[in-house]
Structure formats: structure tokens, C-alpha cells
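Trainee: I would like to go through this model and ask what stands behind each label.
Mentor: Go ahead, one label at a time.

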Amino acid sequence: MSPLSRLAALPLRYGAYALSLLGLAVSLAGLALLSPWWGWGVLAFGLLAALGTHDLLQRRHTVSRNYPILAHLRYNLESFGPEVRQYFIQNDTDEVPFSREQRRLIYQRAKGISDKRPFGSLHHMSHTGYEWMNPSLAPAHIEPGELRITVGAERARPYSASVFNISAMSFGALSANAISALNDGAREGGFYHDTGEGAISPYHRRGGDLVWEIGSGYFGCRDEAGRFDPERFRQAARQDAVKMIEIKLSQGAKPGHGGILPGAKVTAEIASTRGVPPGRDVISPAAHSAFTTPNEMIDFIVRLRDLAGGKPVGIKLAIGHPWEWFAIVKAMLERGEHPDFVVVDGGEGGTGAAPLEFINHLGMPLTEALLLVHNTLVGAGLRDRVRLAAAGKLTNAFDIARTMALGADWCNAARGFMFALGCIQARSCHTDRCPSGVATQDTLRGSRLDVPTKAQRVTSFHGNTVAALAEMLGAAGLRHSCELGPEHVLHRVSRHEVKSFAELHDHLTPGELLAGGADRHPVFRDFWESASADSFAPPESVIRLRYSKLY
Ligand SMILES: Cc1cc2nc3c(=O)[nH]c(=O)nc-3n(C[C@H](O)[C@H](O)[C@H](O)COP(=O)(O)O)c2cc1C
């Protein structure tokens with residue numbers, strides 16, 4: 001069989017490879033017999049033929065072996081499919097996790113250009129799940145600057161927080177310029193910047209108020225073995241910029257996962273910020289080593305507060321097993337001490353990188369989590385002393401108002417502020433190739449982010465969002481966000497039925513759990529009484545269930 005007839009016998013899917021071999025042969029002949037210009041053909045077909053040969057010989061990709069050369073078209077098309085959908089196909093309210101409508105509003109508020117819309121709503125108001133706030137015929141006026149909340153009023157160094165702040169994101173997850181712009185923006189706008197668990201970097205020290213987050217890696221306050229170091233903590237916590245301390249128990253997008261920063265990313269700067277050796281993997285364990293029981297956790301909070309000179313100390317958590325949260329509240333009651341604030345992170349929250357199953361299916365979404373946390377604190381008679389914050393896809397005034405109606409005192413945003421910095425939702429935070437220079441440690445990419453411009457946008461996004469909130473609350477006849485309650489927001493349950501949050505969700509009365517009223521809702525009836533301040537372990541009933549499956 002001649003080589004030509006052998007090529008002809010190959011299935012059609014080898015056509016591109018066959019043509020490239022043919023082209024190479026013809027070009028070689030042309031180069032030898034006709035003109036040097038055929039050299040270009042040799043180069044082009046030679047490269048294609050080499051690619052096809054590689055595809056055939058490699059063993060990792062079956063599709064490439066079956067479709068030499070052509071398979072690359074598919075891989076390439078697939079790789080920019082999201083961009084094609086984003087630019088040409090999806091409509092304004094489609095895209096996830098943040099629709100174009102949501103992002104455009106942030107960009108406009110960040111740039112300080114008109115955020116008004118013509119003609120009318122794009123939302124289907126008769127669809128189940130549609131929500132709105134009821135307006136008042138007696139509107140009020142609110143100065144946006146008055147929308148602040150005092151945290152730790154009974155402490156030596158209480159803090160007056162804005163109702164909207166920058167949620168935890170570390171230097172390491174975000175670039176140096178991104179952190180600098182966030183900090184400058186927070187300073188100018190008078191709101192707080194949460195450091196994330198990666199410690200206080202030089203880029204956090206530009207005058208913005210800091211909430212210093214302490215994760216299980218105790219970065220910035222750890223000893224050689226990675227355990228909590230009280231003296232290092234004391235020194236850092238007493239810096240003037242640090243206004244509050246937040247112990248991170250878990251994060252909505254990856255609760256119970258912990259984390260690892262690969263050695264390659266542990267630059268000298270990150271290493272010195274975090275207090276770890278450069279070039280070596282940095283582990284954030286899934287659990288804390290400074291405490292193992294709820295009571296010990298409350299003791300740790302008290303210890304941190306003392307070391308910090310009386311600054312408010314809180315916890316951040318994603319809600320999982322209800323008995324564990326109940327155990328924390330019982331520890332507050334038993335110890336007679338409490339965190340100054342609790343930040344509830346919804347399962348819909350963001351991350352630099354996490355397993356898909358964690359992102360999609362682990363952890364309670366914000367609405368349910370917040371209702372549980374708020375109601376437990378109310379029922380335990382602690383809600384007036386423990387402030388409540390929330391995070392989870394909150395980017396506009398209605399998101400914030402709705403969350404406050406469910407029980408939050410203030411809201412935080414991570415990705416909202418990333419958009420203000422210029423993030424385009426490329427979703428490549430984990431690749432170190434963030435196109436907008438926000439979520440990368442590639443110094444060239446990061447340095448393209450202009451700090452003064454983006455800082456201005458951060459300030460402006462915050463200011464315009466809080467102004468929109470003030471206007472919305474005023475339109476509902478309220479004088480402060482703390483007047484917002486579950487009766488103000490309505491939810492379409494079906495085409496023909498609407499319920500306010502007050503009707504839709506059970507609400508405990510102050511002290512109800514202490515007065516033996518734990519049977520209002522099954523979650524309290526099943527788990528409140530049995531929860532123990534001494535342990536995060538499940539109650540007997542759950543353990544019995546486990547045995548029934550195992551034996
Ligand atoms: C890039 C990135 C890094 C994050 N890093 C941290 C972190 O260090 N500590 C933490 O508690 N949460 C971290 N988070 C979670 C956010 O603080 C926030 O709780 C969550 O994304 C929900 O807010 P959002 O929906 O406004 O993004 C991170 C989120 C993102 C997107």
C-alpha cells in the first residue's frame with residue numbers, strides 16, 4: 001500500500017493530521033524544487049504535523065489520540081466558552097454567581113457615574129421567590145453617615161462600624177496593590193477592612209480601620225510550631241489601626257476545609273507577614289489548636305480581648321450542625337461571657353480556591369444560617385449584647401436591607417469590593433493569572449492595578465451603596481437600619497400568595513429559650529436542650545441514629 005493510499009484509509013477524524021502531512025510533503029517539495037517561499041509552508045505544516053504526531057503518541061488524552069490536531073480546537077473553544085457566553089449570549093440577569101445587572105451597578109457606583117435605569121424592572125414580579133420591601137406613605141430622611149453600629153459598647157475600646165464593610169480577603173489571595181487600594185478606600189470612606197486570615201501585611205497599614213482576622217494558622221501571632229503566641233498577638237493587636245479582632249472558625253464557601261498556600265507562593269514578603277518560613281507550604285488546619293470545646297473558645301475570646309487592650313473580639317463562621325452553634329451559645333451562658341460580634345458567612349460565599357463540592361453543597365445558605373443565629377441569640381437573651389454581621393453575595397442596598405430584616409446589624413462584601421477594584425469575574429483567582437490584577441501574586445499583573453484610581457472606586461462604591469440604602473430605608477419610613485425588621489420584606493411564596501419574613505419564618509422572643517420555650521421550631525426542640533457547652537459533639541439522638549446505620 002502506498003503512503004498516500006494509507007492516508008486515504010484513515011477515518012475522517014484523522015483528516016487534519018493527514019492534510020498537515022500532505023501539506024508538509026508538498027511544501028518540502030516546493031522548497032526543494034521551486035522557491036524559498038515554500039519554507040513558510042514547511043514551517044506551518046511542520047508544526048501542525050508535529051502537533052498531530054504528539055497527539056497520536058501521547059497517552060493522557062484519548063480525545064487527542066482519536067482526533068489529532070482537531071481536539072485542540074475543542075479544548076480551545078471550551079476554554080473561552082465562558083467568555084463567549086458572558087459577552088454574547090447571557091442576558092443581564094442570567095450570569096452566575098453575579099449577573100451583569102449586579103456587576104454593572106457595582107461598576108457604576110464605583111466609578112461614580114449614573115446608576116439609574118430607564119423604563120422599568122427586568123424582574124418577573126409574579127414569579128415565586130420574588131422579594132420586595134414595602135414603602136411608606138410617610139417617608140423619612142436618613143443621612144448615610146448615620147448608618148453606623150457600635151460594637152462592644154461595654155468594652156474599653158468599642159468600635160463604631162459602618163453598616164457595610166470589606167469582608168476578609170488576605171494578602172496572598174489578593175495582590176499587594178489590591179490590598180493597598182482596599183485599605184486606602186476604607187480609610188477615605190470610614191469603613192473597615194478585614195485583613196483575612198493571612199495577617200496584617202504592609203499593604204494593610206495605610207490608615208484604614210482594620211478588623212484583624214485570626215484563622216487556625218494564627219498568622220501574624222504564631223510560634224515556630226504554628227501555635228497561638230500571646231505576646232506576638234498582643235503586640236500586633238494593640239496597633240491603633242486594629243479596631244476589632246475576628247476569630248475565623250469557618251468560611252461559607254469551604255467550611256471545615258482549612259487551606260494550603262503552596263511553597264511557590266510563599267514569597268519572602270508573604271512569609272514575613274505571616275510569620276512563616278519562605279518557600280515552604282503554609283497550612284491552615286481545618287480546626288483551631290487554641291481551643292477544642294465551646295467553653296474553651298469563649299475563654300480564648302476573653303483572653304484575646306484582654307491581650308488586645310479591650311478591643312471588641314468576635315467570631316466568623318459558616319453554620320453547619322445546629323447543635324454546635326447551640327453549644328457555643330450555651331458556653332456564652334455558662335461562662336457569662338460572649339463575643340462582641342458574630343459574622344455569619346453564607347454557603348453562597350466566595351473563595352480564592354475550594355473544591356467544587358464544598359462550594360456547591362457544604363454549609364448553610366445565608367438566609368437560613370442568619371435566621372438560626374439571630375433567633376438563638378434572641379432566645380438566649382444575648383442578642384442585645386452580641387452584634388450580628390453577615391456576608392454572602394450582598395452587593396446592593398436591597399441585599400443589605402433584606403439581610404438586616406433577617407437579623408443582621410451590618411453586612412460585609414468580599415466580591416462586591418473585588419468588582420469595585422476592577423474584577424471582571426474571570427474566575428481565575430486560583431490560577432495566579434487574574435486578568436484584572438486583583439487576585440494574583442504575579443507582580444507584573446498586580447502592579448497594573450492603579451492604587452489611587454481603584455481606592456477612589458472602593459470609597460465610591462461603598463459611599464453610593466450606603467447612600468442607596470439610606471434612601472431605601474427612608475422610603476420605607478425608617479430612620480435607621482436598626483429599625484428594619486422581618487415585617488418590612490415580602491416574599492412571593494406562590495403566584496397567588498405572599499408572606500412577609502415575619503410570617504414566613506419563626507421568630508423567638510427575647511429569653512424564650514431560657515424559659516423552656518425550646519419547642520417553637522423543630523431545630524430548637526431537637527437540639528437545644530441536649531447541646532453542651534463542653535463539647536461540639538452531637539447529641540445522643542444523633543449518635544443513636546449513626547449506630548442504627550453502622551450495625
Ligand atoms: C478571594 C477571596 C479570598 C477570601 N479570603 C478569606 C479569608 O482569608 N478569610 C475569610 O474568613 N474569608 C475569606 N473569603 C470569604 C469572604 O470574606 C466572604 O466571607 C465571602 O466571600 C462572602 O462574601 P461575598 O459573597 O461578598 O464574596 C475570601 C473570599 C474571596 C473571594
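Trainee: How many disulfides does the structure hold?
Mentor: The structure, which is a predicted model, holds zero disulfides.

Trainee: How do you know that Cys 429 is in no disulfide?
Mentor: The nearest cysteine sulfur to that of Cys 429 belongs to Cys 434 and is 6.4 Å away. A disulfide needs two cysteine sulfur atoms within 2.5 Å, so the pair does not qualify.

Trainee: And what rules out a disulfide for Cys 434?
Mentor: For Cys 434 the nearest cysteine sulfur is that of Cys 423, at 6.3 Å. The cut-off is 2.5 Å, so Cys 434 is in no disulfide either.

Trainee: Why is Cys 434 called buried?
Mentor: Its relative accessibility is 8%. Buried means under 20%, so Cys 434 counts as buried.

Trainee: What makes Cys 429 partly exposed?
Mentor: Cys 429 has a relative accessibility of 25%. Partly exposed covers the range between the 20% and 50% cut-offs, therefore Cys 429 falls in that class.

Trainee: Where does Ser 436 lie, and why is Ser 436 called buried?
Mentor: Ser 436 is in the loop that links helix 16 (415-420) and helix 17 (443-447). Its relative accessibility is 17%, and the limit for buried is under 20%, so the label holds. Beyond its neighbours within four places in sequence, Ser 436 is in contact with Gly 422, Cys 423, Ile 424 and Leu 449.

Trainee: Which backbone angle draws attention to Asp 432?
Mentor: Phi of Asp 432 is near 70°, a positive value in a residue other than glycine. Asp 432 also sits in the loop between helix 16 and helix 17. With a relative accessible area of 22%, Asp 432 is past the 20% cut-off for buried and under 50%, so the class is partly exposed.

Trainee: What is the phi value of Ala 199, and is Ala 199 buried or exposed?
Mentor: Phi is near 75° in Ala 199, again positive in a residue other than glycine. Ala 199 belongs to the loop between strand 5 (192-194) and strand 6 (209-214). A relative accessible area of 0% is under the 20% limit, so Ala 199 is buried.

Trainee: What makes helix 15 mostly covered?
Mentor: Eight of the nine residues in helix 15 (residues 397-405) are buried. They are Ala 397, Asp 399, Ile 400, Ala 401, Arg 402, Thr 403, Met 404 and Ala 405.

Trainee: How do you know that there is a polar contact at the start of helix 15?
Mentor: A side-chain oxygen of Asn 396 comes within 3.0 Å of the backbone nitrogen of Phe 398. The cut-off for such a pair is 3.5 Å, so the pair counts as a polar contact. Just after the helix, Gly 407 has a positive phi of about 135°.

Trainee: How far apart are Gly 407 and Leu 388?
Mentor: They are 19 residues apart in sequence, while their C-alpha atoms are 7.3 Å apart in space. Leu 388 lies in strand 12 (residues 387-391). Leaving aside neighbours within four places in sequence, its contacts include Gly 407, Ala 408, Asp 409 and Trp 410, and also Val 342, Val 344 and Leu 370.

Trainee: Why is Leu 388 called buried?
Mentor: Its relative accessibility is 0%, against a limit of under 20%, so Leu 388 is buried.

Trainee: Which residues are closest to the ligand?
Mentor: Of the 23 residues that surround the ligand, the closest are Ala 168, Glu 213, Gly 350, Lys 393 and Arg 415. By class, the shell has seven nonpolar, nine polar and seven charged residues.

Trainee: What makes the backbone of Gly 350 a polar partner of the ligand?
Mentor: A backbone N or O atom of Gly 350 lies 2.7 Å from a ligand oxygen. The limit is 3.5 Å, so this is a polar contact. Polar backbone atoms of two other residues also meet a ligand oxygen within that limit: Ala 414 at 2.8 Å and Glu 197 at 3.2 Å. The ligand taken alone exposes 610 Å², and the protein buries 97% of that.

Trainee: How many helices and strands does the protein have?
Mentor: The secondary structure comes to 21 helices and 15 strands. Of the 551 residues, 49% are buried.

Note on methods
Residues are numbered from 1 along each chain as its sequence is written. This is a predicted model: local features need pLDDT of at least 70, side-chain atom pairs count only at pLDDT 80 or more; totals for chains, interfaces and linings use all residues. Side-chain values use heavy atoms; hydrogens and water are left out. A residue is near a molecule or strand if one of its heavy atoms lies within 4 Å of it. A polar contact is a pair of N or O atoms within 3.5 Å; within protein, one must be able to donate a hydrogen and the other to accept it, and residues adjacent in sequence count only if both atoms are side-chain atoms. Accessible areas come from the Shrake-Rupley method with a 1.4 Å probe; for residues, only the protein chains shown count as cover. Ala, Val, Leu, Ile, Met, Phe, Trp, Tyr, Cys and Pro count as nonpolar, Asp, Glu, Lys and Arg as charged, and the others, Gly among them, as polar. Helices (H or I, at least four residues) and strands (E, at least two) are DSSP runs, numbered from the N terminus. Buried means under 20% relative accessible area, exposed over 50%, partly exposed in between (1.4 Å probe, protein chains only). Contact means heavy atoms within 4.5 Å.
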